[in-house]
Amino acid sequence: MIESHYDWQVKDVDQPTEAAQQAAEQLKIDPMIAQILINRGYDTIDTMQTFLTPDLSQLHDPFAMHDMQKGVDRIQNAIMNAEKVTIYGDYDADGVTSTAIMYETLDQFGANVDYFIPNRFVDGYGPNTAAFERLIEGGTQLIVTVDNGVSGHDAIARANELGCDVVVTDHHELPETLPDAAAVIHPRHPEGDYPFGGLSGAGVAFKVATALLEEVPQELLDLAAIGTVADLVPVVDENRVLVSLGLKILAQTDRLGLVNLMQGAGIDPSQLTEQSIGFGIAPRLNALGRLDDAAPAVELLTTLDDERASELAQLTEKQNKYRQQLVADISETALTQAQDADHRDHPALVITGEHWHEGVLGIVASKVVETMGKPTVVLNVNPDSNTAKGSGRSVAGFNLFEAFDGHRDLMVAFGGHAGAVGMTAKADQLTALQTAFDDAAETQHLTDQPKGQLNVAARLTADKVTMPLYEQLQLLAPFGTDNPVPLFAFDPETLQNVKAIGADGKHLKFKVEDNGQAVDAIDFGQGALAPVLASAPDQVKLLAQIDINVWQGRTNMQLMVKDIAVTGMVVEDKRTQQLHKTMFSEAGTYVFFNQRVYEQLRTQLPPTAVSIVVTAGQEISDQKINTLFLVDCPASIADLQRVLGHITADRIVAYFYLKQSHYLLGMPERAQYAKLFRFVKTHQNVDVGKRMAELAAYLKIDASQLVLMLQIFSELHFVTIENGQLTPIAQPANQKIETAPSYQSRQTQIETEKQLLYSESAVLKQLLTSFTADK
């Protein structure tokens, strides 16, 4: 069994209410779409119509935002007096697009304007006092922050001392006390009453640009869309307008840098969606600031020089590939560490390494959380400074900030919120940091937290996944936070063509089949599940969004899988006559029934593996595990039942390796026993220790069979064997061959092999399942 990561909340919109039916008729949409809108709070014709047809008229008056007039007045005054204005941005995609929006707007007015992007590793996030001082020393008379500033008290106070005003434009969480700036433009300002508080930094900059220009600057919508999607703010209200219209502008953009960037990323402007931004454009813009200086990203967005645009796009692509490789390399090491003996039993993880690039550790932490399901902090240890710096990511229901906030004595610097933190810890306090993390997991009842919930639009079958349905669902796009892609639950009759794809088999692909029709499905990053699904094609349930795949001019429907569950125990039939190193790469519990086989393979097992060698009379403790590997074939079914009677596994992988099959060899024939008996009666002191092969050839009996027969004769006191010398016993008692322990043991082994090695796959699965069901 594999449990779903999420709790699926099925809304059954395929059974629309009367209100949905009426709305669908008036708006000329599918009733399912109307029901989805109602479920999301758009329960009148007007709100539905507004949602379905975003346009510029839905944008709010920028002057309704607190301090907008003060900020505009100060900026206009700087323009009129030719004061030097510096846009102080941020190094992520929202920050660089915010900077570009504000820079281009002021440049239109002929302002003496420049921009500054703080370096993540030198200046940190937000207003930096030393950076402000350098800018002011260079002639700056007005600083306009974008996508930061509300927490920059010290730097802004210093600017005031030096006679430089600061206009703050920001959207981040507001501190209790705001800085003493010339203006603080923020959609959620405590003294304001702006109708929509969910703007990104780019959205706020766009509103300032609108106020300055006294009209909506449609040519800046592409930048606003990128910043909005990149920052994961709610794609509703104004943001829906910015992204919807911004995508149209972006599809035909004449920004040379973006044209080159999209070309290098393989983005087709005619197929542009919010996902093109989220998974294509934004990560590339973010890569620059994660690894080094993000200022080239602003130049990329604003340059009018074709050659420079191409050069910057190539730099961005190169940095993004480097970032991807760093993440892949560090993630592999981090995940191995997360599953080793020192870490796997912790409810929350502190993962450490040396020479890890600190700019990507937040991404690595997210990958560990996704794989392990545990809150995780990933730190780069610097022995020279005795510090460990990095980022943490959480799971639903666990407050990461609260977990560490009371332990600042273990850290040099710390900040963040419930879902993500950044920290610089003392390298000699990492054990104490892990203990504090574990304690927080217990205090917050982490193990008792319910799974996160996902709203499911409806239950569907593969034959219902059609282009008309997909086109109707696109009426709800663009998707994002607070407007997620509708998800559908599938309980298919079976799966077909299950396989791991990609250069490293990282991804999972299969066909979902219902009512004689099939549709492709893909699940990125879940290639390891391929053998599980292939072994249980009728036990799979999945949650997926409906999508299309365009390849070489052909369009096919496909499912993008969000979550998978496999009901019941999964048995993978991997029976083999040869063992390979690749068979021992997974974490899990490996069971050996033969000590010699274990000794041969113990060094091949991964460090995260648990081994059990089953011996006669051994007690096996009750335990529940994810994956159980049955490495070799037991001598009896009873030994196997003893294991499965105590170990509950979600998945059993059956190798049942056996070097030589006794089942295929069979039992010696009665005539062979008679031939051997006649021989031993007439031969004294035969050295069977050294001449076994010679004797087998003489008697024309298989050597292994001959060994068994001699064991039986010895047990029945027909012969004695001492120091390898075979001697007959005169007038032995008349006993049946079948009563010898070795004979009975071999019969048991043959029957065991028959059931475990030579049965049909379905019969084996039924047998193993029955052993676990008997508990």
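1. A definition to start with: two strands pair if DSSP finds at least two bridges between them. By that rule β2 and β4 qualify, since four bridges join them and they run parallel. One spot to click on is Ile87, which stands opposite Val144 in β4. Keep in mind while you look around that this is a predicted model.

2. The β2/β4 pair belongs to an open sheet of five strands, with parallel pairing and the order β3-β2-β4-β5-β6. At the edges sit β3 and β6 (183-185), each pairing on one side only. On average, neighbouring strands of the sheet are turned by 20 degrees against each other, ignoring direction.

3. Now for helix α6, residues 129-137. Which of its residues are buried? They are Ala131, Phe132, Leu135 and Ile136. Looking down the axis of α6, you'll find these buried residues within an arc of 130 degrees, so they line one face of the helix. The spacing makes sense, because an α-helix has 3.6 residues a turn and residues three or four places apart point the same way.

4. What do the buried residues of α6 pack against? Three of the partners are strands of the sheet in point 2, namely β2 (84-88), β3 (112-116) and β4 (142-146). Strand β5 (165-169) and helix α7 (153-161) are also on the list.

5. The ends of α6 are worth a quick look too. At the N-terminal end, Asn128 acts as the cap, with a side-chain oxygen 3.0 Å from the backbone nitrogen of Ala130. After the helix comes Gly139, which has a positive phi near 110 degrees.

6. On to the nonpolar cores. The largest has 120 residues, and those with the most contacts inside it are Leu106, Ile281, Phe510, Leu533, Leu542, Ile546 and Leu559. Helix α8 (residues 201-213) gives this core its largest share, eight residues. There is also a second, separate core of 27 residues, with Ile652, Phe656, Leu658 and Leu768 among them.

7. Phe510 deserves a closer look. Leaving out residues up to four places away in sequence, Phe510 touches Leu495, Gln496, Asn497, Val498, Val519, Asp520, Ala521, Leu533, Leu542 and Val561. Of these, Leu533 and Leu542 also appear among the residues with the most contacts inside the largest core.

8. A few backbone oddities next. Most residues other than glycine have a negative phi, and most peptide bonds are trans. Asn497, one of the residues that Phe510 touches, has a positive phi near 50 degrees, and Asn497 lies in strand β15 (residues 494-501). Leu232 is not a glycine either, yet its phi is positive at about 60 degrees. Leu232 is found in the loop between α9 (221-230) and α10 (237-251).

9. Is Leu232 buried or exposed? Its relative accessibility is 64%, so Leu232 counts as exposed, the cut-off being over 50%.

10. There is a cis peptide bond to check as well: the one from Ala477 to Pro478, with omega near 5 degrees. Pro478 is in the loop between α18 (467-473) and β14 (488-490).

11. Last, Gly689, which has its place in helix α24 (residues 688-699). Gly689 counts as exposed because its relative accessibility is 58%. Gly689 and Lys624 are 65 residues apart along the chain, and 46 Å separates their C-alpha atoms.

How values were computed:
Residues numbered from 1 in each chain as written. Predicted model: local features only at pLDDT ≥ 70, side-chain atom pairs only at ≥ 80, totals over all residues. Heavy atoms only, no water. Buried < 20%, exposed > 50% of the residue type's maximum accessible area, 1.4 Å probe, protein only. Helix = DSSP H or I, 4+ residues; strand = E, 2+ residues; numbered from the N terminus. Arc of directions from axis to C-beta. Contact = heavy atoms within 4.5 Å. Polar contact = N/O pair within 3.5 Å; in protein donor to acceptor, adjacent residues only side chain to side chain. Core = buried A, V, L, I, M, F, W, Y, C linked by side-chain atoms within 4.5 Å. Axes fitted to C-alpha atoms, helices over the stretch in contact; angles between N-to-C directions.
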